[in-house]
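I opened this one in the viewer to get a feel for the overall fold. My notes follow in the order I looked things up.

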Amino acid sequence: MLSIFDIFKTGIGPSSSHTVGPMWAGHRFLNELEEKGILSSITSIRAGLYGSLALTGVGHGTDKATLLGLAGYRPDTIDPDEADKIFENIKINKTIKLAGNHPIEFDYDTHLIFHNGETLPEHPNGMRIFASDKNGVVVYYKSYLSIGGGFVVSSDEFNQPEAANSSEDNCPIPYPFRTAAELLDLCHEHNLTIAQLNIENEIARHNGDIELVNTKIDGIWEVMHACIERGLRMEGTLPVSGLKRRSADMHKKLTSNPEAMLMDHFAIMDWVTLFAMAVNEENACGGRVVTAPTNGAAGVIPATLAYYTRFISRNNQQGIRDFIATAAAIGSLIKMNASISGAEAGCQAEVGSACSMAAAALAAVQGATMEQVENAAEIGMEHHLGMTCDPIAGLVQIPCIERNGMAAIKAITASRLAMRGDGDHAVSLDSCIETMYRTGLDLQAKYRETSLGGLAVYAKAQPIKLVS
């Protein structure tokens, strides 16, 4: 079982698996050195990146994240505006302060290695960190796997299901579930909605403190909303690529002619697309975002939730909480039974999962039955099956930013389609989740976040000229 706050975590862009995860890995390595009492004896650190972390690591900020983690910074608390400055100081001064207070020499060009032709056996997102003493002897090393959504496990934990579970899961929860069928049965048996059931589980994790749970859920939406608002204001270009940010200009055009909404009923779609793109432009710039369930798919759920708060008349604070709780339940099912990692299962595992979560949540807060909610989730996932992850130049920009806007529209469509039916449908959510995972494993590796295939190779008019 996963917590709501495992699925939705605050971090920085541009990638949960390539930025948030590696930063946590570096931070965890520090903690392990401290626990063993050997941090003060370390004089050298080497880190190796493998698979997708190597192939698209620079574009995803994996190098920066790894060093920031070793310097003692956390993705949920670091100031995004300071991250680049800290990283550049490490590179220029060739010094890194482990845990912020133990300086050692660190040469970016020799101590951080991109193993572009190698992949660790357990997972496409792999890294190894080595710590040596003054005699050059490696006294501690660990392999880590960034398995999507900011989750990190060591290589020896990888085959232990409990390794990726919530740290808050030490206490029993009243309504454990591992499949959608079990979730629906529990809801019917105890006369609870999916949101109510998931929140009851969360209250148990937090020692019965419902106010704390509500405050933390409200905090998720606050970060999402702030990300949208900042994305609507910010102008200029995206890092590395130099591509123009479009959200601020779109926002000005939409607000300058509000009466157009009266004549063009599809104008709401423009707003939903805008909300998603605003979030993902912020993500591309390394801003503060919420994994939903990943950074690459961070715009879908905030955009759909913004649609609920701005365009659905019967919205309220509890509805926002129920939306997030429902989405988290669906995300947990996908994470437990398949994958939310683009490097493991393609973009269907990221944007497809986000669409499924958003569709279910939107249906739920509009009074859908449990069966309609499950149907909405299935529709959202089904129509992303087979979607590849082929970011141009290894950046979370093309096709990622527009793709989030498209998926938010599909989430709204999926919820409406499900609510027009009676909940009876041919394909179950459980079978669709399994299909997504098996399809992902069948995808050639070059279509799984390596930038070695698809648009990353065959885009005829290359839209990105990297800025040094």
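Before reading any sheet I fixed my criterion: I call two strands paired if DSSP finds at least two bridges between them. I also keep in mind that this is a predicted model.

**Entry 1: one strand pair.** I started with strand 2 (residues 44-51) and strand 6 (residues 125-132), which pair in the antiparallel sense over eight bridges. Which residue of strand 6 is the bridge partner of A47? I found I129 there.

**Entry 2: the whole sheet.** Next I followed the pairing outwards from that couple. I got an open sheet of five strands, in the order 5-2-6-7-8, and the pairing is mixed. Which strands stand at the edges? They are strand 5 (112-115) and strand 8 (151-154); each has a single partner strand, so one side of each is left without a neighbour in the sheet. I also looked up the twist, which averages 25° from one strand to the next.

**Entry 3: helices on the sheet.** I then checked what lies across these strands. Helix 2 (residues 16-35) lies across strand 2, strand 6, strand 7 (138-148) and strand 8. Its angle to strand 7 is about 150°. Helix 5 (residues 62-70) lies across strand 2, strand 5 and strand 6, and I read about 145° between helix 5 and strand 2. Strand 2 and strand 6 turn up in the list for helix 2, and again in the list for helix 5.

**Entry 4: zooming out.** I pulled the totals for the protein and got 21 helices and nine strands. How does the radius of gyration sit against the globule rule for 468 residues? I have 22 Å, close to the 23 Å from the rule, so the protein is as compact as a globular protein of that length. For the box along the principal axes, I noted roughly 70 × 50 × 40 Å, filled by the C-alpha atoms.

**Entry 5: burial and contacts.** Of the 468 residues, 58% are buried. The accessible surface comes to about 19,000 Å², and carbon and sulfur atoms hold 51% of that. I also split the contacts by sequence separation: among those with a separation of 6 or more, 76% come from residues 24 or more positions apart.

**Entry 6: domains.** Last, I looked up the domain assignment, which gives domain 1 (15-165) and domain 2 (180-458). Their centres, taken over C-alpha atoms, are 29 Å apart. How many residues does each domain bring to the contact? I noted 25 residues from domain 1 and 23 residues from domain 2.

Technical notes: Residues numbered from 1 in each chain as written. Predicted model: local features only at pLDDT ≥ 70, side-chain atom pairs only at ≥ 80, totals over all residues. Heavy atoms only, no water. Helix = DSSP H or I, 4+ residues; strand = E, 2+ residues; numbered from the N terminus. Axes fitted to C-alpha atoms, helices over the stretch in contact; angles between N-to-C directions. Contact = heavy atoms within 4.5 Å. Rg over C-alpha atoms; globule rule 2.2 N^0.38 Å. Buried < 20%, exposed > 50% of the residue type's maximum accessible area, 1.4 Å probe, protein only. Areas by Shrake-Rupley, 256 points an atom, 1.4 Å probe, with all protein chains shown as cover. Domains from an automatic or database assignment.
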